[in-house]
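Q: Could you go through this one with me? I'd like to talk about cysteines, a pocket and some backbone angles.

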Amino acid sequence: MSEEFETARIEMDSLIESVQSVILASVDGAGDPLSSYAPVFVDESCRFYIYISSIAKHTSQIRRSKRASVMLIEDESVTENLFARKRLTVDCQALIVDRDSSDWMHIISKMESRHGETMSYLKELVDFDLFKLTPGEGRLVLGFGRAYEVSGESLKDIGYVGGGGHRSK
């Protein structure tokens, strides 16, 4: 991996570690889009875990389609330039983690450590679902002229976004 791609990977890992929630995109049966958000835990394989209420509109959409897009984005208060916020957007396959499984217990414990007292309360509610969002392809933007395609296991494959960059008149 080139030094540039290694630097991009380090910055992506830092972004993943720094955010507490993801912006979610889902679609209904007619293809109408919905954006929302959810607190997140990201494991060592870059799988995203969200614990969301069954009465939320996005839950039924994700449950039906088994797909979601997630975006992790740099906080506005720390960005160098509002037009070039660091962000990672990934298309994911979504599966519900069985509440009776050891995986559920393990991930809920991780989420409780990360998100505290509210998660301790919510884990007891049976009308919430834990989704595992497994990444497919995505895009990592680290600033102007620094956009990358990411894919593969743990999003380790990084390459340039094609097209030659931005153009002006």
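A: What follows is a short talk through a predicted model, taken topic by topic.

Q: Cysteines to start with: how many disulfides are there?
A: The count comes to zero disulfides.

Q: Why is cysteine 46 not in a bond with the closest cysteine sulfur?
A: The closest cysteine sulfur belongs to cysteine 92 and lies 10.0 Å from the sulfur of cysteine 46, which is too far for a bond, because a disulfide needs the two sulfur atoms within 2.5 Å. Cysteine 92, for its part, is in no disulfide either, the nearest cysteine sulfur being that of cysteine 46.

Q: And is cysteine 46 buried or exposed? What about cysteine 92, buried or exposed?
A: Cysteine 46 is buried, its relative accessible area being 4%, and cysteine 92 is buried as well, with a value of 3%.

Q: Where does cysteine 46 sit along the chain?
A: Cysteine 46 is in the loop that runs between strand 3 (41-42) and strand 4 (48-53), and its phi is positive, at about 60 degrees, although the residue is not a glycine. Most residues other than glycine have a negative phi.

Q: What is the phi of lysine 66?
A: Lysine 66, which is not a glycine, also has a positive phi of about 60 degrees. Lysine 66 lies in the loop between helix 2 (57-65) and strand 5 (67-73) and is partly exposed, with a relative accessible area of 43%.

Q: Changing topic: how much space lies in the second largest pocket, and which residues line it?
A: About 220 Å³ of space lies in the second largest pocket, and its lining is made up of Glu11, Ser14, Leu15, Ser18, Val19, Ile73, Glu74, Asp75, Glu76, Val78, Arg85 and Lys86.

Q: What is that lining like by class? And which element gives the most to it?
A: The lining of the second largest pocket has six charged, four nonpolar and two polar residues, and helix 1 (residues 3-18) gives the most to it, with four residues.

Q: Let's stay with glutamate 11, then. Where is its place, and is it buried or exposed?
A: Glutamate 11 is in helix 1 and counts as buried, with a relative accessible area of 18%, because the cut-off for buried is under 20%.

Q: What is glutamate 11 in contact with?
A: Apart from neighbours within four places in sequence, glutamate 11 is in contact with Lys86, Leu142 and Arg146. Lys86 is also one of the residues that line the second largest pocket, while the side chain of arginine 146 is joined to that of glutamate 11 by a polar contact of 2.7 Å.

Definitions and conventions:
Residues numbered from 1 in each chain as written. Predicted model: local features only at pLDDT ≥ 70, side-chain atom pairs only at ≥ 80, totals over all residues. Heavy atoms only, no water. Buried < 20%, exposed > 50% of the residue type's maximum accessible area, 1.4 Å probe, protein only. 1 Å grid on protein atoms, 1.4 Å probe; cavity = no way out; pocket = protein on both sides within 12 Å on 5 of 7 lines; lining within 4 Å. Points joined across faces, edges and corners; volume = space filled by probe spheres on them. Helix = DSSP H or I, 4+ residues; strand = E, 2+ residues; numbered from the N terminus. Nonpolar A, V, L, I, M, F, W, Y, C, P; charged D, E, K, R; others polar. Polar contact = N/O pair within 3.5 Å; in protein donor to acceptor, adjacent residues only side chain to side chain. Contact = heavy atoms within 4.5 Å.
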